[in-house]
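Q: Hi! Could you walk me through this one while I have it open?
A: Happy to, let's take a look.

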Amino acid sequence: MIILKATIASILISLAAAGEEAEFVKEVCRKSVAAVVRYDDCVQVLNGDFQQETKKDLYTLTILSLNLAMANSPPALKPVIQACSIWFLGSYNSFHSTIIDVKAGSSLADFYLLYAHDGATNCRNFMKQSNISIPAVANRCNHVEFFAYVCYTVTEMLILKGN
């Protein structure tokens with residue numbers, strides 16, 4: 001904890017001395033680089049919003065950083081995660097309904113797979129509208145889309161074959 005306070009203090013002192021507003025972001029990012037913080041990512045995230053601020057000082061950058069952190073914390077992400085969870089459940093149910101129809105020999109089995117794909121599409125659209133990116137959820141969308149396409153193709157082939 002003492003080391004952290006000393007590091008923060010050194011950041012504040014060096015930033016106060018720097019004087020140039022663009023340097024605030026660069027200095028914070030240089031001193032924040034770690035296994036989970038890439039310099040380029042840090043500059044991109046902070047600088048974009050910081051440039052829109054009328055007052056460019058360390059206090060404004062601090063408040064901006066904290067607001068960005070809250071926007072990317074679990075409570076802010078909860079509505080997106082809940083909505084995507086519901087859409088993924090719909091995709092799961094569509095895959096399951098396809099299995100039932102294939103086993104019953106239905107010629108409409110592939111119809112449900114269109115809905116399976118919609119789960120991923122709806123989730124992606126909601127993340128985009130909410131201006132929230134959750135890489136693990138986006139990755140899950142990729143998987144659902146992948147299987148929706150593959151399953152549609154193989155189900156179509158089975159239906160056309162007549163089995």
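**A chat about the helices and rings**

A: A good place to begin is packing: the buried residues of α7 (135-161) pack against α5 (74-104) and α6 (111-130). Keep in mind that this is a predicted model.

Q: Okay, and which residues of α7 are the buried ones?
A: They are V137, C141, V144, E145, A148 and T155.

Q: What should α7 span, given its 27 residues?
A: At 1.5 Å a residue, the expected span is 39 Å, and the end C-alpha atoms of α7 are 39 Å apart, so the two agree.

Q: What comes just after α7?
A: There you'll find G162, which has a positive phi of about 95°.

Q: Let's zoom out. How many helices and strands does the chain have?
A: There are 7 helices and 0 strands. Read from the N terminus, the order is α-α-α-α-α-α-α.

Q: And how much of the chain is buried?
A: The chain has 163 residues, and 26% of them count as buried. As for its surface, about 10,900 Å² is exposed, with carbon and sulfur atoms supplying 63% of that.

Q: What share of the contacts comes from residues 24 or more positions apart?
A: Taking contacts in the chain with a separation of 6 or more, 53% are between residues 24 or more positions apart.

Q: Back to α6. Is H117 buried or exposed?
A: H117, which lies in helix α6, has a relative accessible area of 18%, so H117 counts as buried; the cut-off is under 20%.

Q: What does H117 touch?
A: Leaving aside residues up to four places away in sequence, H117 touches E145, A148 and Y149. Two of those names may look familiar: E145 and A148 are also among the buried residues of α7.

Q: Switching to rings, how many aromatic pairs are there?
A: The structure holds 4. One of them is W87 with F126: their ring centres are 5.8 Å apart and their planes sit at 70°, so this pair is edge-to-face.

Q: Where in the chain do W87 and F126 lie?
A: W87 is in helix α5 and F126 is in helix α6, 39 residues apart, so to speak a link between distant parts of the chain. W87 is partly exposed at 28% relative accessibility, and F126 is partly exposed too, at 24%.

Q: What about the rings of F111 and Y112?
A: Their centres are 6.2 Å apart with the planes at 70°, so F111 and Y112 are also an edge-to-face pair. F111 is partly exposed at 42% relative accessibility, and Y112 is partly exposed at 30%.

Q: Which residues do ring pairs link into a cluster?
A: F111, Y112 and Y115.

Q: Now the surface. Which residues make the nonpolar patch?
A: L108, F111, L114, Y115 and Y152 make it, and the patch covers about 510 Å². F111 and Y115 from the ring cluster turn up here again.

Q: Which helix gives the most to the nonpolar patch?
A: That is α6, with 3 residues.

Q: And where does Y152 lie?
A: Y152 lies in helix α7. At 31% relative accessibility, Y152 counts as partly exposed.

Q: Nice, so what should I look at together on screen?
A: Try α7 beside α5 and α6, which its buried residues pack against, then the patch with L108, F111, L114, Y115 and Y152.

Methods. Residues numbered from 1 in each chain as written. Predicted model: local features only at pLDDT ≥ 70, side-chain atom pairs only at ≥ 80, totals over all residues. Heavy atoms only, no water. Helix = DSSP H or I, 4+ residues; strand = E, 2+ residues; numbered from the N terminus. Expected span 1.5 Å × (residues − 1). Buried < 20%, exposed > 50% of the residue type's maximum accessible area, 1.4 Å probe, protein only. Contact = heavy atoms within 4.5 Å. Patch = residues over 30% accessible without salt bridge, like charges linked within 9 Å, V, L, I, M, F, W, Y side chains within 5 Å. Areas by Shrake-Rupley, 256 points an atom, 1.4 Å probe, with all protein chains shown as cover. Salt bridge = Lys/Arg side-chain N within 4 Å of Asp/Glu carboxyl O. Phe/Tyr/Trp six-rings, centres within 6.5 Å; stacked < 30°, edge-to-face > 60°.
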